[in-house]
Each structure stands twice: as C-alpha cells, then as structure tokens.
Amino acid sequence: MKKLVVLMVLATSLAACSRTEQGAAVGGLGGAAVGAAVADDAVEGAVVGGAVGALAGALIGRATEPGRCRYRGRDGRVYIARCPEGY
C-alpha cells in the first residue's frame, strides 16, 4: 500500500512537468537503477547512470516538443506556447 501511495504522488507531480522535465526525471531514475545494478560500486554506478539517464531523457523529451517554448507569466505560472518566429 505504501508503494502505491508513493507511486501516485510521483505520477501526480510529474503530470505538471513539461515533456523535457518528465524525460529527465524518468531517465534519471531509470539510469540510476540500471547503473546501481550493473556497476561494481552501486553508489558510483547510480550517480553516473542517473546523470547519463537524466541527460538522455531530457534530450529525448525536448525532441518531442518541436516549436514549443516555455514562458513564465507575471503571476509566476509556467505555460507552454508556440515559439516566436525565427527562434
């Protein structure tokens, strides 16, 4: 039951993120898990795998948002809209 609650909280928090942020989060977690599992030193493997996974996930997430830019309004809210011409 505790695992389900934790997964629900994580899924809800990722829903508010852009695809780039979601990709970085999922890639980082996946990379850390794989790195810890295959490396001789689990901590070092998790750190390296998490960094590589986050970078790769962010790049993949960014590639799925062509022509979209993130803006922050005066009220502090972030929104995504079409990029200006020539951007």
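Which residues form a nonpolar patch on the surface? In this predicted model, the patch is made up of Val43, Val47, Val48 and Val52. Together, these four residues have about 380 Å² of accessible area. One of them, Val48, belongs to helix α3, which runs over residues 42–63. Val48 has a relative accessible area of 49% and is therefore classed as partly exposed, since that class lies between the limits of 20% and 50%.

Helix α3 itself comprises 22 residues. From its first C-alpha to its last, α3 reaches 31 Å, a span close to the 32 Å expected at 1.5 Å a residue. Its buried residues are Gly45, Gly49, Gly50, Gly53, Gly57, Ala58 and Gly61. The cover over these buried residues of α3 includes helix α2.

The contacts of one residue of α2 illustrate how the two helices meet at particular positions. Gly31 is located in α2, which spans residues 19–38. With a relative accessible area of 15%, Gly31 is buried, because the limit for that class is under 20%. When neighbours within four places in sequence are left aside, Gly31 is in contact with Gly49, Gly50 and Gly53, and each of these three glycines is listed among the buried residues of α3. For Gly31 and Gly50, the separation between the C-alpha atoms is 4.5 Å, although the two residues are 19 residues apart along the chain.

Helix α3 thus contains both the partly exposed Val48 and a set of buried residues, including Gly50, whose cover includes α2.

Methods: Residues are numbered from 1 along each chain as its sequence is written. This is a predicted model: local features need pLDDT of at least 70, side-chain atom pairs count only at pLDDT 80 or more; totals for chains, interfaces and linings use all residues. Side-chain values use heavy atoms; hydrogens and water are left out. Patches are made of residues with over 30% relative accessible area and no salt bridge: like charges are joined within 9 Å, nonpolar side chains (Val, Leu, Ile, Met, Phe, Trp, Tyr) within 5 Å. Accessible areas come from the Shrake-Rupley method with a 1.4 Å probe; for residues, only the protein chains shown count as cover. A salt bridge is a side-chain nitrogen of Lys or Arg within 4 Å of a carboxyl oxygen of Asp or Glu. Helices (H or I, at least four residues) and strands (E, at least two) are DSSP runs, numbered from the N terminus. Buried means under 20% relative accessible area, exposed over 50%, partly exposed in between (1.4 Å probe, protein chains only). Contact means heavy atoms within 4.5 Å. The expected span of a helix is 1.5 Å times one less than its number of residues.
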